[in-house]
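Student: I should like to request a close look at a single part of this protein. Please set out what surrounds it and how it relates to the rest of the chain.

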Amino acid sequence: QRLFSANENMPQAFCLINGGLVYTRLEDLFTTMCRTTTSSHSSSSLSLLPERGDTEVDPGTWLCELALWCRWVTRGDAECVKPGELLCLKVQELASVMMFHPDVAMVAHDYSNTLCNHIRRSKLYTSDLRQLMDI
């Protein structure tokens with residue numbers, strides 16, 4: 001079962017508690033499509049394309065964590081491959097809780113602005129998985 005697909009607006013972050021997820025970056029999805037298309041044309045063009053890079057997601061790993069701090073559009077696909085539990089933290093619900101804690105909300109707001117500006121200015125590689133990011 002697919003958790004999310006590439007290029008979706010994501011209003012929440014996820015943490016895998018247990019079970020199995022596989023994540024595939026958009027670049028790897030594109031490579032797979034190119035392999036399928038070029039295989040009928042020329043076998044030599046296949047050697048220029050890297051293998052599709054599925055990443056097995058370990059329990060305790062956050063997906064779309066940047067959605068908590070920035071407007072986030074997913075960079076790949078995540079698919080459940082084994083039954084398990086997944087924590088879902090919705091941005092709107094987090095913001096609602098923050099309203100009751102203005103000091104924490106101010107720190108979170110400053111962190112969000114700083115992080116998003118840093119990513120924008122430095123053009124860091126971002127991903128739905130922290131382990132694949134430059135941050």
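The request and the answer below concern the first strand and its surroundings.

Student: Which residues pair with or touch Phe4 and Arg2 of strand 1 (residues 2–4)?

Tutor: The model is a predicted one, in which local features need pLDDT of at least 70 and side-chain atom pairs count only at pLDDT 80 or more, whereas totals for chains, interfaces and linings use all residues. Residues are numbered from 1 along each chain as its sequence is written, and side-chain values use heavy atoms, with hydrogens and water left out.

The overall fold provides the setting. The protein chain has three helices and five strands, arranged along the sequence in the pattern β-β-α-β-β-β-α-α. Here helices (H or I, at least four residues) and strands (E, at least two) are DSSP runs, numbered from the N terminus. Of the 135 residues in the protein chain, 33% are buried, where buried means under 20% relative accessible area, exposed over 50%, and partly exposed in between (1.4 Å probe, protein chains only). Among contacts with a separation of 6 or more, 79% join residues 24 or more positions apart; a contact requires heavy atoms within 4.5 Å.

Phe4 is a suitable starting point. Phe4 is buried, with a relative accessible area of 1%. In the largest nonpolar core, which has 16 residues, Phe4, Met10, Tyr23, Val57, Leu63, Cys64 and Trp72 touch the most other members. Such a core is a set of buried Ala, Val, Leu, Ile, Met, Phe, Trp, Tyr and Cys residues joined through side-chain atoms within 4.5 Å. Strand 2 (12–25) and helix 3 (102–122) each supply at least two residues of this core, and strand 2 gives the most, with four residues. In soluble globular proteins, nonpolar side chains tend to be buried together.

The aromatic ring of Phe4 also takes part in pairing. A pair of aromatic rings is described by the distance of the centres and the angle of the planes. Rings of Phe, Tyr and Trp (its six-membered ring) pair if their centres lie within 6.5 Å; planes under 30 degrees apart count as stacked, over 60 as edge-to-face and the rest as tilted. The whole structure contains three aromatic pairs. In one of them, the ring centres of Phe4 and Tyr23 are 6.5 Å apart with planes at 55°, so the pair is tilted. Because Phe4 lies in strand 1 and Tyr23 in strand 2, this pair ties together parts that are 19 residues apart in sequence. Tyr23 is buried, with a relative accessible area of 0%. Ring pairs also link Phe4, Phe14 and Tyr23 into a cluster.

Phe4 is in turn one of the contacts of Met10 and of Thr74. Not counting residues up to four places away in sequence, Met10 touches Phe4, Cys64, Ala67, Trp72 and Thr74. Thr74 is found in the loop between strand 4 (62–63) and strand 5 (76–90), and is buried, with a relative accessible area of 1%. Leaving aside its neighbours within four places in sequence, Thr74 is in contact with Phe4, Ser5, Ala6, Asn7, Glu8, Met10, Cys64 and Asp128.

Arg2, in strand 1, is involved in charged pairs. Side chains of opposite charge can pair when their charged atoms come close. A salt bridge is counted when a side-chain nitrogen of Lys or Arg is within 4 Å of a carboxyl oxygen of Asp or Glu, and the count comes to two. One joins Asp77 and Arg2 at 2.7 Å, N to O. Asp77 lies in strand 5 and Arg2 in strand 1, so the pair ties together parts that are 75 residues apart in sequence. Asp77 is buried, with a relative accessible area of 12%, whereas Arg2 is partly exposed at 43%. Arg2 also forms a salt bridge with Glu79, the closest N and O atoms being 3.9 Å apart. Glu79 lies in strand 5, so this pair ties together parts that are 77 residues apart in sequence. Glu79 is partly exposed, with a relative accessible area of 35%. Through shared partners, the salt bridges join Arg2, Asp77 and Glu79 into one network.
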